[in-house]
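Thank you for making time for this short talk. Please bring up the sequence and the model, and keep both in view while I speak.

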Amino acid sequence: MAPEEDAGTELLLRSFERRFLAARALRSFPWQSLEAKLRDSSDPELLRDILQKTVKHPVCVKHPPSVKYARCFLSELIKKHEAVHTEPLDELYEALAETLLAKESTQGHRSYLLPSGGSVTLSESTAIISHGTTGLVTWDAALYLAEWAIENPAAFTDRTVLELGSGAGLTGLAICKMCRPRAYIFSDCHSRVLEQLRGNVLLNGLSLEADITANLDSPRVTVAQLDWDVTTVRQLSAFQPDVVIAADVLYCPEAIMSLVGVLRRLAACREHQRAPEVYVAFTVRNPDTCQLFTTELGRAGITWEAEPRHDQKLFPYEEHLEMAILNLTL
């Protein structure tokens with residue numbers, strides 16, 4: 001469920017705080033403790049602190065989230081305040097008034113603070129499905145894979161990375177900023193997704209390969225149109241990837257068959273160069289779908305092993321979901 005649609009106060013507060021992870025002071029105690037503090041504290045400074053570290057944070061002010069999301073967050077915060085305080089806190093109502101006057105948009109921003117102190121900001125669609133594709137929003141496995149990559153930077157350092165089905169670009173942008181790849185190729189087949197990808201690359205201060213002003217300390221970044229059903233071994237070989245990644249692309253049998261077809265062609269690249277390492281992250285929504293993927297890998301002669309599960313530490317994906325990363329050997 002999208003955060004905008006979730007009426008649960010705790011989840012809404014936690015999701016907003018994690019999305020704007022500058023609230024370091026609030027991360028020093030469990031969220032149950034924060035809930036208790038909001039319920040029991042008579043000090044309005046706690047609410048002011050939350051405001052400054054979420055809706056008033058510089059990243060949030062510069063790149064605001066969807067109006068609906070900010071409105072829901074502030075409404076829940078006001079309910080918390082009104083439950084224990086008789087005096088209204090002007091700053092809360094002023095912030096809510098700003099969202100009530102703001103114009104709704106089909107695009108919003110999501111920002112994530114990185115361990116380095118930098119951030120990744122994405123322009124995303126406010127709808128799960130838009131322009132006939134699900135690629136205009138960030139899905140949980142992309143966050144899970146990005147977090148794993150940050151914990152395992154050696155898998156990407158000084159290497160050329162090809163991402164299949166990049167979507168909004170969260171995973172790749174996090175890798176570019178935290179793992180120091182030599183080159184990174186974002187890819188997708190949908191024209192609207194590619195347009196948004198290019199915008200998000202530039203939004204995060206990275207330059208596309210054709211830009212002669214590109215920062216030499218940053219990876220060479222390319223956004224490529226890649227249709228899994230028609231791409232050839234020669235085209236894939238031209239990328240010369242050392243590592244191939246994909247996240248949340250196992251959503252239907254047709255997509256799985258197309259993905260395995262691409263992996264077969266990547267395996268054929270061994271005639272020209274060393275086969276790349278491959279990491280595929282996914283959310284286990286339907287066990288039959290996952291079983292189909294591993295079965296088709298076996299038929300293609302591709303072996304795999306699961307990476308050890310890691311604990312959620314950084315990004316706001318749904319903790320109760322079962323997620324996995326498979327390391328494939330082509």
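**A strand and its partners**

I would like to begin in the sheet, where strands β3 and β4 pair in the parallel sense, with 3 bridges between them. If you look for a particular pair of residues, L162 has I185 in β4 as its bridge partner. Between the two strands the chain passes through helix α8, residues 170-178, and this β-α-β crossover from β3 to β4 is right-handed.

Before going further, I should say that this is a predicted model, and that the mean pLDDT of the protein chain is 81, with 78% of its residues at 70 or more. Among the elements, strand β3, residues 160-164, has the highest mean pLDDT, at 98, while helix α1, residues 9-19, has the lowest, at 46. Over residues 1-15 the pLDDT is below 50, although this stretch has 32 contacts in the model beyond near neighbours in sequence. Residues 127-135 also have a pLDDT below 50, and that stretch has 18 such contacts beyond near neighbours in sequence. Where pLDDT is low, the predicted coordinates should not be read in detail.

Let me return to β4, which spans residues 183-188. On its other pairing, β4 is joined by 6 bridges to strand β5, residues 220-225, and these two strands run parallel. Here S187 has A224 in β5 as its bridge partner.

Why can we call β4 largely enclosed by the rest of the structure? The reason is that 6 of its 6 residues are buried, and buried here means under 20% relative accessible area. In a regular strand the side chains alternate between the two faces of the sheet. In β4, A183, I185 and S187 point one way, whereas Y184, F186 and D188 point the other way, and all of them are buried.

The helix of the crossover is also mostly covered, since 7 of the 9 residues of α8 are buried. The buried residues in α8 are L170, T171, G172, L173, A174, I175 and C176.

Which residue takes a positive phi just after α8? That residue is R180, with a phi of about 55 degrees, and R180 sits in the loop between α8 and β4. Most residues other than glycine have a negative phi, and R180 is a residue other than glycine with a positive value. R180 counts as exposed, because its relative accessibility is 58% and the cut-off for exposed is over 50%.

There is another example to look at in Q240, which is not a glycine and yet has a positive phi of about 50 degrees. Q240 is found in the loop between α10, residues 233-239, and β6, residues 243-247. With a relative accessibility of 51%, Q240 therefore counts as exposed.

Finally, let us step back to the whole chain, whose secondary structure comes to 12 helices and 9 strands. Of the 330 residues in the protein chain, 51% are buried. Among the contacts in the chain with a separation of 6 or more, 70% are between residues 24 or more positions apart. The protein chain exposes about 15,600 Å², and carbon and sulfur atoms supply 51% of that area.

Technical notes:
Residues are numbered from 1 along each chain as its sequence is written. This is a predicted model: local features need pLDDT of at least 70, side-chain atom pairs count only at pLDDT 80 or more; totals for chains, interfaces and linings use all residues. Side-chain values use heavy atoms; hydrogens and water are left out. pLDDT is the predictor's confidence in each residue, from 0 to 100. Helices (H or I, at least four residues) and strands (E, at least two) are DSSP runs, numbered from the N terminus. Contact means heavy atoms within 4.5 Å. Buried means under 20% relative accessible area, exposed over 50%, partly exposed in between (1.4 Å probe, protein chains only). Two strands pair if DSSP finds at least two bridges between them. A crossover is right-handed if, with the strands pointing away from the viewer, the path from the first strand over the helix to the second runs clockwise. Accessible areas come from the Shrake-Rupley method with a 1.4 Å probe; for residues, only the protein chains shown count as cover.
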